[in-house]
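Colleague: Could you take me through one small part of this model and then follow the chain outwards from there? I'm still learning to read structures, so please go step by step.

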Amino acid sequence: MSDFDIEAVRSQFPALAEDQIFFDNAGGSQTLGTVIEAIRDYLSRTNVQLGASYKTGKASTERYDAGFAAGAQYVNAEESEIVFGASTTQLLRNVSFALEFDEGDEIIVSSIDHEANIAPWVDLAARQKLVLKWWTPTLSPSSTTKNPDPQLNAANLRPLLTSRTRLVTLTHASNILGSIHPIASIAAEVRAGPSPSALVVVDGVSYAPHRPVDVRALGVDVYVFSWYKVYGPHIAQLYASPRAQSQMRSLGHFFKSGATLEEKIGLAGASYELLHSLPALTSYLLTSPSSSWATRIAHEETLQSAVLAYLTSRPDVTIYGVAAASAAARVSTISFRVAGWASPDVVAAVEEATNIGFRWGAFYSERLVKGLLGLDDDGIVRVSLAHYNSLDEVKAFTAAMEKYVPRKT
């Protein structure tokens, strides 16, 4: 990690100058300083409607177009294949209202996803009288740590595929478990199956802050994530392949051609000033002198190794998800329970005595946490790290856990 400069990285995020350790990054990351400045500059200098012929109008349109181009290039897509909106939840709901299938067609929905990638499809199945198949992996506890570790893969998808399959949905990385699913091999399984044109829809919200995204390499039909969890503005981006778009009706105005994904399902959801900030963000992610994707991934692996080493050393802790720290297997979102402690009490004990911010709950993955994992309303304790977190912050967390959350069993 010779070219990873943690101090230089941290200096680019204004919020990190505050007296707060941010370990709730899966809920929303801190914002890059150049992104903040770009938003301010747009609103100060070019806050007019797009498409006008006067000087400021032209500048506004150029900035909007540059943001659209940056988003497309970042995921290796064409501009006609992406759309922006207020949230991943909203964009997936828009897709679900645009797709049209035949009665009796089948859709396969992962039950371990965030509800944003479940509710639209449950509703779609009810509206269009489709057969809804739940894709639920086994808990697969490790023989050494006994941690529940359900994972989606091509093998447990295969029995669900039939000639009537039209849609398969899943998450790239679980917002609870941190597990990375093999998206390319799952997409290949669908292509080789009895319904090769079925659409593969992936929620990348918990993956994108930690890894680069290439939609063509993944071979998926829909991929969506939220930029506000990737160090940027509160806006989401969705990619849809030509195959997916060919099965969508347009939700837009009748006089629009519907030739692009934006015209089909955008519904004017892209805030101009937020799009203007994306070139600054993608420049940081791709060309920053203080870090690269390789060094950010390696740094996060170091951080998660320290957290997991501590948690696995405690016999009273159950980790939910991959207990190993390998960057190939997981992102730095770590969930656990402490025997004898209610999850809210773990968080309260640490937060009352320190400046460490983290959370407890189900985090909109109720079907996973309360269903498959069988947990109560307390849910899990979640610590979610980003590349701008430091090893000293992790050491502060483990020391606080040791001091303020002592073993009761």
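Modeller: Happy to! One term before we start: two residues are in contact when heavy atoms of theirs lie within 4.5 Å. Please also keep in mind that this is a predicted model.

Let's begin at Ser-390, which sits in the loop between strand 13 (380-384) and helix 16. Is Ser-390 buried or exposed? The cut-off for buried is under 20% relative accessible area, and Ser-390 has 14%, so Ser-390 counts as buried. Leaving aside residues up to four places away in sequence, Ser-390 touches Ile-6, Arg-10, His-299 and Leu-303.

Leu-303 is a good place to go next, since Leu-303 also takes part in a contact between two helices. These are helix 13 (residues 293-313) and helix 16 (residues 391-404), whose axes come within 9 Å and cross at roughly 10°. Angles under 35 degrees count as roughly parallel, and helix 13 and helix 16 are therefore roughly parallel to each other. On the side of helix 13, the contact is made by Thr-302, Leu-303, Ala-306, Val-307 and Tyr-310. Helix 16 answers with Leu-391, Val-394, Phe-397, Thr-398, Met-401 and Glu-402. Sorted by class, the contact of helix 13 with helix 16 has eight nonpolar residues, two polar ones and one charged one.

Now go back to the loop and leave it on the other side, through strand 13. Strand 13 belongs to an open sheet of four strands, ordered 9-10-13-12, with antiparallel pairing. Strand 9 (317-320) and strand 12 (359-361) are the edge strands, and each of them pairs on one side only. On average, and ignoring direction, neighbouring strands of this sheet are turned by 35° against each other. Strand 10 (residues 333-338) and strand 13 run antiparallel and are joined by four bridges. If you want to find one of these pairings on your screen, look for Ser-335, whose bridge partner in strand 13 is Arg-382.

There is a second sheet to explore. How many strands does the open sheet with mixed pairing have? The answer is seven, in the order 2-8-7-6-5-3-4. Strand 2 (82-85) and strand 4 (131-135) stand at the edges with a single partner strand each, so one side of each is left without a neighbour in the sheet. From one strand to the next, the twist averages 15°.

Strand 8 is a nice one to study in this sheet. Towards strand 7 (residues 222-226), strand 8 (residues 236-240) is joined by five bridges, and the two run antiparallel. Val-224 stands opposite Leu-238, while Ser-226 has Ala-236 as its bridge partner. Strand 2 is also antiparallel to strand 8, with four bridges joining them. Ala-236 turns up here too, as the bridge partner of Gly-85.

What about the side chains? In a regular strand they alternate between the two faces of the sheet. In strand 8, Ala-236, Leu-238 and Ala-240 are on one side, Gln-237 and Tyr-239 are on the other, and all of them are buried. That gives five buried residues out of five for strand 8.

Asn-117 offers another loop to compare with our starting point. Asn-117 is found between strand 3 (106-110) and helix 5 (119-128). Its relative accessibility is 0%, so Asn-117 counts as buried. The residues Asn-117 touches, not counting those up to four places away in sequence, include Val-109, Leu-170 and Asp-203. Asn-117 and Leu-170 are 53 residues apart along the chain, and yet their C-alpha atoms are separated by 7.3 Å.

Let me finish with one more helix pair. Helix 3 (residues 55-74) and helix 12 (residues 278-287) pack at an angle of about 30°, with their axes 8 Å apart. Helix 3 and helix 12 are therefore roughly parallel to each other, and their crossing is left-handed. Helix 3 brings Ala-66, Gly-67, Ala-70 and Tyr-74 to the contact, and helix 12 brings Leu-278, Pro-279, Thr-282, Leu-285 and Leu-286. By class, the contact of helix 3 with helix 12 is made of seven nonpolar and two polar residues, with no charged ones.

Key:
Residues are numbered from 1 along each chain as its sequence is written. This is a predicted model: local features need pLDDT of at least 70, side-chain atom pairs count only at pLDDT 80 or more; totals for chains, interfaces and linings use all residues. Side-chain values use heavy atoms; hydrogens and water are left out. Axes are lines fitted to C-alpha atoms, for helices over the stretch in contact, and angles run from 0 to 180 degrees between N-to-C directions. Angles under 35 degrees count as roughly parallel, over 145 as roughly antiparallel, 65 to 115 as roughly perpendicular and the rest as oblique. Ala, Val, Leu, Ile, Met, Phe, Trp, Tyr, Cys and Pro count as nonpolar, Asp, Glu, Lys and Arg as charged, and the others, Gly among them, as polar. Two strands pair if DSSP finds at least two bridges between them. A crossing is left-handed if the near helix is turned anticlockwise from the far one by less than a right angle, and right-handed if clockwise. Buried means under 20% relative accessible area, exposed over 50%, partly exposed in between (1.4 Å probe, protein chains only).
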